[in-house]
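Subject: The structure you asked for

Hi,

Here is the structure I promised to pass along. Have a look at it first, and my notes on what turned up follow below.

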Amino acid sequence: MDLLPSAHVDSFARDRLPADHRWPVLLPGPDGVRYPDRLNCASHLLDSALAAVGPDRRCLISDTETWSYGDLDRRSDQIAEVLVSDFGVLPGHRVLICGPNSPWTAACWFGVLKAGAVVVTVVPVLRSEEIATVAGIAEVSVALCAPGCDAEAAAAGVAGMRVVTVGGPGPDDLVHRCARSSQRKFEAVQTSQDDVAMIAFTSGTTGRPKGCMHFHRDVLAIADTFAKHVLKPTADDVFTGSPPLGFTFGLGALLIFPLYVGASTVLLHRGSPDALLAAVEKHGVTVLVTAPTAYRAMLAMLNTGGAASESGSGDGARDPRLRTLRRCLSAGEALPAETWRAWQAATGVKIIDGIGATELLHIFISAADDDIRPGSTGRPVPGWQAAILDADGNPVPDGEPGLLAVRGPVGCRYLADERQTTYVRHGWNYTGDTYIRDEDGYFWYQARSDDMIISSGYNIAGPEVENALLRHPAVLEAGVIGMPDPDRGQLVTAFVVLRPDTPAEESTAKELQEFVKMRIAPYKYPRAVHFVPELPRTATGKLQRFRLRDLP
Ligand code: 3UK
């Protein structure tokens, strides 16, 4: 791969890129977008926004404070200066950021990049052992930690890693250091567009985390593809949502995309469904970003006279608290048609579903407005290509299930990891999902490829059974897996969270089984049904199907 001259003094990241022949094919962005050779994505984003909307425009909002674009620019300059002068951070060094969604966490992201360093993001709930793994792989020199995360980071005991609190009481705290720093403008390091800007660790449900390396230009490419062509935000939008800034879904949708157009973003410490509803009302939110489970949980809380179940379709009464909502985005897991319809009935808003991956930074298949086909993820985002292939790289005919393969302006580059050869094959990124493409070019999610259930010789996609269960009004959440079975190989087994007023008894299980048989091919019905108080989920909200096996 011909890379431009690097501005990194420490070449750690570039030295650990996969060998040339292991890269996927990269496509130029849509509309002939070309990025300058020297590009710092942080200063580029901020300078463009400042030029477009001015320094006084509100940018980051939390429950206690509001920062303008000028505030964010100034404080991220100070952070960069403190990193360089107090901690000796050099271009190319790795700086870990661990904190809840907040203006200071966002400012750290910009400050680290302005200093030319590489951001390593993690979700704030990580424990010391997990931090130790990630910080060890990325050889982190400084960890910027919100109070609450600093103890875990210190306990991680990573050699050579200095832990600095952000928003703590001591005089060594980053916020205090910033207040003491010179008020001069920090000249952002003029990185190369293909210098590594960030290392994002996969939220993968099993195994050792993989560090995904993304360039400065990649950060802009996700805005120039998905945000510009599908989400289409404007400067008047107010964003909020639940995904952490340490997860690329949240980083893109709650920080990059609003700043790309000069909009504002409400950063919530806790993005629980009730907190989201409250924030939408309090701040007049127009763009809401969260995962399918949270949309279902919010539906159960809305004042719409129960428009959420199958019977209550059509335009029910709309909850006045959500009247400012203009756009809703869902990713992380498949969005069932039923959830989509219930949300539209309750709010009037058509949720934009989109599949993204940490390896590819953000969303590459999606649809908005009248292009949406409920239950389908959508079509390739402009700038991206998607295909259904078999393991040898041959195309699978439309209408038949196969492996989802994609390529676009961003590609998978694991940090020194052999699993690169599993994710990237034949020049394509294989996401690990089984999909069907229909003759209109729409992509329909089936299951994670390793989650396909094989029972008595039939292939059954767990999510299809889950979606059928979710259509029953008594079902809040459902997870379906294949349990080992001597007769059938695997037994379709459902784990169900019931609404509080429904009895967890044999008759309910029978009713759910009959309900599923009436809606999808009867051989797919769950032969075993277990009622559980909640489903196991990752820090990023994904159902951990492998953990269901240990539940009964
Ligand atoms: C699954 C979906 C069906 C799918 C992510 C938006 O989820 C993100 O990244 P991860 O690395 O996981 C990737 C995997 O998650 N998935 C995500 N979205 C959907 N499945 N429909 C969807 N809409 O298995 C994929 O391979 O945690 C999502 C933006 C950035 C992200 N990192």
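**A hairpin to start with**

Strand 21 (residues 452-455) and strand 22 (residues 458-461) run antiparallel and are joined by 4 bridges. Before going further, please keep in mind that this is a predicted model. Within that pairing, Ser 455 stands opposite Tyr 458 in strand 22. The two strands, 21 and 22, form a hairpin with 2 residues between them, and Ser 456 in the turn has a positive phi of about 50°.

**Two more positive phi values**

Lys 232 also has a positive phi, near 50°, in a residue other than glycine. You will find Lys 232 in the loop between helix 8 and strand 9 (238-241). Is Lys 232 buried or exposed? The answer lies in between: its relative accessible area is 46%, and since buried means under 20% and exposed means over 50%, Lys 232 counts as partly exposed.

Ala 416 is another non-glycine residue with a positive phi, here near 40°. Its place is the loop between strand 17 (402-407) and helix 13 (420-423). With a relative accessibility of 58%, Ala 416 counts as exposed, because the cut-off for that class is over 50%.

**Three parallel strands**

Next, please look at strand 12 (residues 327-330). Strand 11 (residues 287-290) pairs with strand 12 in the parallel sense over 4 bridges, and Thr 290 stands opposite Ser 330 there. Strand 12 also pairs with strand 13 (residues 352-356), again in the parallel sense, over 2 bridges. In that second pairing, Leu 329 stands opposite Ile 352 of strand 13.

Which way do the side chains of strand 12 point? Arg 327 and Leu 329 point one way, while Cys 328 and Ser 330 point the other way. In a regular strand the side chains alternate between the two faces of the sheet. Arg 327, Cys 328, Leu 329 and Ser 330 are all buried. As for strand 13, 4 of its 5 residues are buried, so this strand is largely enclosed by the rest of the structure.

**Aromatic rings**

How many aromatic pairs does the structure hold? There are 11 of them. One is formed by Phe 226 and Phe 257, whose ring centres are 5.9 Å apart and whose planes meet at 45°, so the pair counts as tilted. The pair links distant parts of the chain, with Phe 226 in helix 8 (residues 216-231) and Phe 257 in helix 9 (residues 248-261), 31 residues apart. Both Phe 226 and Phe 257 are buried.

Elsewhere, Tyr 435, Phe 443 and Tyr 445 form one aromatic cluster. Two arginines also lie over ring faces. Arg 94 lies over the face of Phe 12, at 3.8 Å from the ring centre, and Arg 413 lies over the face of Phe 215, at 3.7 Å from the ring centre.

If you are looking for a tryptophan, Trp 109 is found in helix 4 (residues 103-114). Trp 109 has a relative accessible area of 2%, so this residue counts as buried, the limit being under 20%. Its C-alpha atom is separated by 9.8 Å from that of Ala 80, which is 29 residues away along the chain.

**The second largest pocket**

I kept one pocket for last. The second largest pocket holds about 980 Å³ of space. It is lined by 38 residues, and the closest to its centre are Gly 271, Ser 272, Pro 273, Ala 539 and Gly 541.

Which element gives the most to this lining? That is helix 11, with 6 residues. Helix 11 (292-301) and strand 23 (475-485) each supply at least two residues of the lining. By residue type, the lining of this pocket divides into 22 nonpolar, 11 polar and 5 charged residues.

Happy browsing, and do write back with any questions.

Best wishes

Note on methods
Residues numbered from 1 in each chain as written. Predicted model: local features only at pLDDT ≥ 70, side-chain atom pairs only at ≥ 80, totals over all residues. Heavy atoms only, no water. 1 Å grid on protein atoms, 1.4 Å probe; cavity = no way out; pocket = protein on both sides within 12 Å on 5 of 7 lines; lining within 4 Å. Points joined across faces, edges and corners; volume = space filled by probe spheres on them. Nonpolar A, V, L, I, M, F, W, Y, C, P; charged D, E, K, R; others polar. Phe/Tyr/Trp six-rings, centres within 6.5 Å; stacked < 30°, edge-to-face > 60°. Buried < 20%, exposed > 50% of the residue type's maximum accessible area, 1.4 Å probe, protein only. Lys NZ or Arg CZ within 6 Å of the ring centre and 35° of its normal. Pairing = 2+ DSSP bridges.
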